[in-house]
Amino acid sequence: EIAPTIEWGYLVYLTVFRLCQYFGQETECQFCDINHNYRQQLAAGRPYTGVKSVEEVLEALDIIAAAEPVDAPLRSRAYTVTGGSVLTKVDGLEEGPFYARYVEAIEARHRGRWIGKVVAQALPVSEARRFKAAGAQIYHPNYEVWDRRLFGQICPGKERHIGRDEWIRRILDAAEVFGARYVIPNFVAGVETARPYGFGSVDEAIASTAEGLGFFMSRGVTPRFTTWCPEPTTPLGRDNPGGAPLEYHVRLLETYRETLDRY
């Protein structure tokens, strides 16, 4: 008899830009503490690099690759290049070229060793093509929250710099480049319920996110969720230390499954 086997793997998360150029409460996403965390680390005297060099990233992946046989049942299966939003330039590069350079270097050194993923803003389709050409297989232009009003209040910088409608359009454009199943925008599950902006009931919050799931899944794009963790240094974390109610999360997963089955 041959027992069924499951190949387990884990994700290597490469946060190469530990800052975000949406600075200050007027532009920062209201759930995110990336900039405050950076300031805390420096104030505590810890060595904390804002921008990781390509060489540092390659060194880390070289160590992982050397320690893990390719045929090992438990090994890293993918890497994600991620960091804060770039509005001007970092290391003399705009956001697309900045993040693409890491993918290019990794694929040149370890082509095919991992599934390559990029988390960046919803960039113009030319930049989606750049990520694809560099070797990335999956693109996460994270959408965060569906409701039009909440998008502007919770992600004021994204609304001001790109705008909700343009963000959606760019997600769908990227699906033409990568294939719809490989464009996976993230929703921060629970911020829909957060005071002072959020919905007053779980029913309203679920109905709103269900609308967003239906919009994307009906077009072949399957979003993912990260659970909102109320960081105490953020506006939403300060005002909502308990996060979203358990009922919300259970019903959200039910809604996700139902919507996925429908499409």
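**Notebook: helix 10 contact, core, helix 3 and pockets**

I looked up the contacts of Thr259 and found that Thr259 touches Leu213, Gly214 and Met217, leaving aside residues up to four places away in sequence. The model I worked from is a predicted one.

I then placed Thr259 and found this residue in helix 10, which covers residues 246-262. Is Thr259 buried or exposed? I found a relative accessible area of 2% for Thr259. Because the cut-off for buried is under 20%, Thr259 counts as buried.

I turned next to the largest nonpolar core, which has 66 residues. Which of its members touch the most other members? I noted Leu14, Phe31, Val81, Tyr99, Ile106 and Phe131. I followed Val81 further and, not counting residues up to four places away in sequence, listed its contacts as Leu14, Val16, Tyr99, Tyr102, Val103, Ile106, Lys117, Val118 and Val119.

Several of these contacts led me to helix 3, residues 95-110. I checked its length: at 1.5 Å a residue, its 16 residues should span 22 Å, and I found its end C-alpha atoms 23 Å apart, which agrees. Twelve of the 16 residues are buried, so I recorded helix 3 as largely enclosed by the rest of the structure. Among the buried residues of helix 3 are Tyr99, Tyr102, Val103 and Ile106, each of which also touches Val81. The buried set of helix 3 also includes Glu95, Glu107 and His110. After helix 3 I came to Gly112, where phi is positive, near 80°.

I then examined the pockets. How much space lies in the largest pocket? I recorded about 870 Å³. I counted 33 residues in its lining, with Phe31, Cys32, Ile34, Asn142 and Glu144 lying nearest the centre. Phe31 is also one of the core residues noted above. I found that strand 1 (8-17), helix 1 (34-43), strand 2 (74-83), strand 5 (186-189) and strand 6 (224-227) each give at least two residues to this lining. By class, I noted 13 nonpolar, twelve polar and eight charged residues in the lining of the largest pocket.

For the second largest pocket I recorded about 180 Å³ of space. Its lining has 13 residues, and I noted Val86, Glu94, Glu95, Leu123 and His161 as those nearest the centre. Glu95 had already appeared in my list of buried residues in helix 3. I entered the lining of the second largest pocket as five nonpolar, four polar and four charged residues.

Methods. Residues numbered from 1 in each chain as written. Predicted model: local features only at pLDDT ≥ 70, side-chain atom pairs only at ≥ 80, totals over all residues. Heavy atoms only, no water. Core = buried A, V, L, I, M, F, W, Y, C linked by side-chain atoms within 4.5 Å. Buried < 20%, exposed > 50% of the residue type's maximum accessible area, 1.4 Å probe, protein only. Contact = heavy atoms within 4.5 Å. Helix = DSSP H or I, 4+ residues; strand = E, 2+ residues; numbered from the N terminus. Expected span 1.5 Å × (residues − 1). 1 Å grid on protein atoms, 1.4 Å probe; cavity = no way out; pocket = protein on both sides within 12 Å on 5 of 7 lines; lining within 4 Å. Points joined across faces, edges and corners; volume = space filled by probe spheres on them. Nonpolar A, V, L, I, M, F, W, Y, C, P; charged D, E, K, R; others polar.
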